[in-house]
Structure formats: C-alpha cells, structure tokens
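Colleague: I should like to learn how a structure of this kind is read. Might we go through one together, feature by feature?

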Amino acid sequence: MPTPPTGTSVVRAINARATLRLLLDDGPQSRPDIAARLLVSKPTASHLLAQLREDGLVLSDGNRDDGAAGRAAEMFRVNATAAYAAAIDVTPERIAAAVVDLIGTRVGEYVLPTPEGDDAEAAARVDDVLSGACAQAGIPLSALRLVVIGVQGAIDPASDRLRFAAHLPGWQGDALTAALTERLRLPIMIENDVNLAAIAERAHGVAAEHDSVAVLWISDGIGMGLMFGGRVHRGLTGGAGEIADLPVPGTPTPQESPEFGTGGMQALAGGPALGRVLAEHGFVRATPIEALRAAAASDDDSADSALDEIARRLVLGLTAVIAIVDPELIVLAGDLAVAGGERLRSRVESGLRAAVVARPLVLLTTLEENAVLDGGLRLALGRVQDQVLETVSGGQRTAD
C-alpha cells in the first residue's frame with residue numbers, strides 16, 4: 001500500500017507549532033516577522049495566527065510603530081494564561097512552591113514551614129503549599145498542567161518509593177507519586193533537588209557553555225547532579241549522583257550505620273560535619289553557614305587550616321566522581337559552598353589537580369535565587385510548553 005502524501009493539514013500543523021514556538025522563544029512578532037522567519041507567505045502567516053488566536057493561544061499585542069512609512073504592524077504574543085506549571089522545593093525545614101504561566105513569568109509563590117516533629121503526609125502538605133501559590137496567582141489548582149517536586153532523595157521508578165530521604169518524615173511509603181496524583185488530581189513529577197539545581201546551572205548559570213557537568217551541592221546534606229549533553233543523568237534507579245552515601249575512608253558505610261548523616265560522604269562533608277571542623281578551629285557560630293562565612297573572611301591561620309580540611313574532605317569524594325564520569329566542569333553550589341566562596345573553591349580545585357590526572361574546571365555557582373525551584377520551574381514549563389504545542393492541529397483549510 002503506497003504511503004499517502006503529506007496533507008495540507010499536516011503542513012499547517014507544523015507551521016502553526018513553529019509559529020507558537022517562535023512566539024514562546026522570542027516574544028511578540030508581527031505577521032511580516034513571522035512570514036520572514038518561517039519562510040512562509042504573509043497570507044499563510046495570517047492564517048496561522050488566526051488559527052492560534054481561535055485556539056486561545058495567541059493574542060494581539062497592539063501595533064508597532066517602527067518609524068517606517070505606512071500602517072504600523074500589528075504585533076502578536078502568546079496568551080500567557082493558556083497554561084500554568086508549578087515547582088516545589090522540599091526540605092526538612094519548609095516546603096516552597098512557585099507557579100509560572102505559559103511564557104515563564106512567575107505569578108505565585110508560597111512557603112509552608114515544617115514545624116519540628118511534624119509528620120504530616122506529603123500529599124496534604126503539597127496540597128496546602130500549591131493551594132497557597134495558586135491563590136496568589138489568582139488561578140484554581142486545576143489550572144496547573146504539571147507539578148515538579150524537588151526532594152532531597154530519589155524516586156525509585158520500580159516501587160515509586162522515595163529513597164535516600166529518611167530525614168523527610170511523611171514522604172516515605174510506596175507509590176508516592178501515585179498518592180500525590182490521586183490527592184491533587186494533577187500530573188506530578190518527583191525529581192532530585194540537585195538535579196533541578198543542575199538544570200538551572202545549565203540554563204543560565206556557570207555551566208551554560210558546558211556539556212558534561214557535575215554540580216556538588218554542599219549544605220546540611222551533600223548531593224550531586226550530573227548532566228551530559230544537556231540532559232540530566234539519573235541512572236537505572238534514579239540514584240545517580242547520590243554522593244551522600246558514597247563510602248569514604250574514615251566513615252562507616254550506610255549499611256553499617258543506616259541513620260541519616262552517620263555514614264559515607266554525608267558523615268564526612270555534610271553540614272553538621274563541616275560545622276564540627278569549623279568549631280575545632282575556633283569558628284563557633286549559630287550555624288555551619290555562619291561559621292564558614294566567618295572563616296572565609298578571616299586572615300587567621302586557623303581559617304586557612306579549617307578551609308584546607310574542608311577542601312580535603314570534598315576532594316576525597318570528588319576524586320571518585322572524576323575517576324568514573326570525568327566531567328569537564330564541577331560546580332560548587334549550595335549555601336555552604338557560597339559561604340566558603342573563592343577561598344574554598346580554589347582549594348578544591350588545587351586539591352583535585354594534585355589528586356587526579358584529569359583537570360576539570362571548578363567554578364562557584366553564581367545563581368542567587370533558589371536554584372531548586374528555578375530548575376523545577378524550567379523543567380515543568382518546558383514540558384507544559386511541549387504539551388501545548390502538541391495540541392496545535394492543522395485547523396481548517398482556508399482559501400488563500
């Protein structure tokens with residue numbers, strides 16, 4: 001049976017999607033702009049815009065007066081209210097949510113503190129924080145097309161169970177994604193928080209020009225996000241980059257000491273461990289972040305000793321990563337990395353160059369906002385935009 005020829009409706013669908021993609025990526029355009037950039041006739045551009053307007057995806061944006069003779073060109077833009085996406089950042093202390101419209105404008109935010117000892121089910125807390133963010137955005141919860149949840153752990157695709165997250169009460173149990181989906185009646189995607197930070201770094205941070213990147217997140221917990229060719233590497237069970245459980249000399253393995261923070265790389269270089277190193281060198285503050293910031297700003301020999309020891313611990317874990325994945329760039333991120341600043345970054349880079357043959361670039365993050373929410377919103381928005389594009393059809397054939 002011969003293959004039927006490509007129909008006009010298929011070509012129109014391709015062109016209509018290209019038109020919407022152009023408006024999403026580059027903002028308002030005129031009919032002549034669209035015709036020139038998509039290599040179609042001006043009447044065809046008019047038909048495409050008429051179809052997208054009928055679908056509620058494109059709006060008139062007024063006229064542009066560019067100083068040329070004749071009538072000012074009418075501009076068209078994406079209807080930002082046609083779809084919404086959301087992201088959530090979960091930590092033991094709080095859960096934060098943000099909502100963006102179809103063009104990526106952040107329209108709602110909400111933070112829900114987690115009282116000490118609170119073990120409320122994840123679904124209830126997600127419902128509360130999303131409802132707060134949607135209320136600020138002025139939209140119903142049902143308007144969301146996708147919610148990406150960043151957690152300090154990894155979802156096992158086989159059991160739908162959150163692994164490496166014993167420190168998050170209420171987030172345990174099988175079928176977590178299914179439970180959230182059932183409660184909220186929304187599409188839910190659970191992602192490792194450092195993977196989301198890596199997406200943000202790759203999008204507009206120091207990793208923007210690099211294809212293979214390892215983001216080392218140094219905070220209360222220590223984690224890693226890996227990206228190759230611009231894509232997150234999650235591994236078979238979602239646990240790629242879970243450096244907190246990496247066995248290192250001088251600490252128990254997670255199997256020998258299963259309580260969170262007592263084994264592996266977490267016991268050596270997580271926030272509490274680094275706080276103890278700083279205290280031993282005379283930098284006692286309310287939090288490890290404040291102590292490390294004080295050490296990085298100090299000219300005392302004790303500060304050099306403390307920073308040397310912290311860098312040594314980080315290098316110990318990073319050498320294993322470099323030996324296996326050999327990334328071209330390592331990004332130091334998280335509040336403790338920022339507190340250590342350039343003095344810590346340079347020591348980590350020097351330590352790696354003395355320890356391994358490879359010479360990856362080591363850079364400090366420059367992202368100032370919540371990188372987990374940023375990456376989560378970018379992931380969610382990208383998928384929602386793709387969904388919207390897939391709904392664009394060839395429309396009705398119109399005579400030229």
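Colleague: How many helices and strands does the chain have?

Modeller: This is a predicted model, and its chain has 12 helices and 15 strands. Along its principal axes, the C-alpha trace spans about 80 × 50 × 45 Å.

Colleague: What share of the 400 residues is buried?

Modeller: A residue counts as buried under 20% relative accessible area. Here, buried residues make up 50% of the 400 in the chain. The accessible surface comes to about 18600 Å², and carbon and sulfur atoms hold 51% of that. As for contacts with a separation of 6 or more, 61% of them involve residues 24 or more positions apart.

Colleague: How is a sheet read, and in what order do the strands of the three-stranded open sheet stand?

Modeller: One reads the order of the strands, then the sense of their pairing, and then the edges. In this sheet the order is E1-E3-E2, and the pairing is antiparallel. Strand E1 (29-30) and strand E2 (58-64) are the edge strands, each pairing on one side only. Five bridges link E2 with strand E3 (residues 73-78); in E3, Glu74 is the bridge partner of Asn63. Helix H1 (residues 8-26) packs on this sheet and touches E1, E2 and E3, with its direction at about 85° to that of E3.

Colleague: What is the strand order in the open sheet of five strands?

Modeller: That order is E13-E12-E11-E14-E15, with mixed pairing. Strand E13 (231-232) and strand E15 (361-364) are at the edges with a single partner strand each, so one side of each has no neighbour in the sheet. E11 and strand E12 (residues 222-228) run antiparallel and are joined by seven bridges. Gly225, in E12, is the bridge partner of Val215. Helix H10 packs on the sheet, where it touches E11, E12 and E14, and its direction makes about 25° with that of E12. Helix H6 lies across E11, E12, E13 and strand E14 (329-333), at about 50° to E12.

Colleague: How far apart are the end C-alpha atoms of H6, and why does that agree with its number of residues?

Modeller: A helix can be checked by its rise for each residue. The 12 residues of H6 (residues 193-204) should span 16 Å at 1.5 Å a residue, and the end C-alpha atoms are 17 Å apart, which agrees. At the start of this helix, a side-chain oxygen of Asn192 comes to within 2.9 Å of the backbone nitrogen of Val194.

Colleague: Why is H6 described as largely enclosed?

Modeller: Nine of its 12 residues are buried, so the rest of the structure largely encloses H6. Among them are Asp193, Asn195, Leu196 and Glu201.

Colleague: Which residues of helix H8 are buried, and what do they pack against?

Modeller: In H8 (residues 271-280), the buried residues are Gly271, Ala273, Leu274, Gly275, Val277 and Leu278. They pack against strand E11 (212-218) and against helices H7 (264-269), H9 (288-297), H10 (301-325) and H11 (335-355). Just after H8, Gly282 has a positive phi of about 95°.

Colleague: Finally, is Arg125 buried or exposed?

Modeller: Arg125 counts as buried because its relative accessibility is 8%, under the 20% cut-off. This residue is found in helix H4 (residues 122-137). Apart from neighbours within four places in sequence, Arg125 is in contact with Ile95, Leu112, Pro113, Thr114, Asp118 and Ala120.

Notes. Residues numbered from 1 in each chain as written. Predicted model: local features only at pLDDT ≥ 70, side-chain atom pairs only at ≥ 80, totals over all residues. Heavy atoms only, no water. Buried < 20%, exposed > 50% of the residue type's maximum accessible area, 1.4 Å probe, protein only. Helix = DSSP H or I, 4+ residues; strand = E, 2+ residues; numbered from the N terminus. Contact = heavy atoms within 4.5 Å. Expected span 1.5 Å × (residues − 1). Polar contact = N/O pair within 3.5 Å; in protein donor to acceptor, adjacent residues only side chain to side chain. Pairing = 2+ DSSP bridges. Axes fitted to C-alpha atoms, helices over the stretch in contact; angles between N-to-C directions. Areas by Shrake-Rupley, 256 points an atom, 1.4 Å probe, with all protein chains shown as cover.
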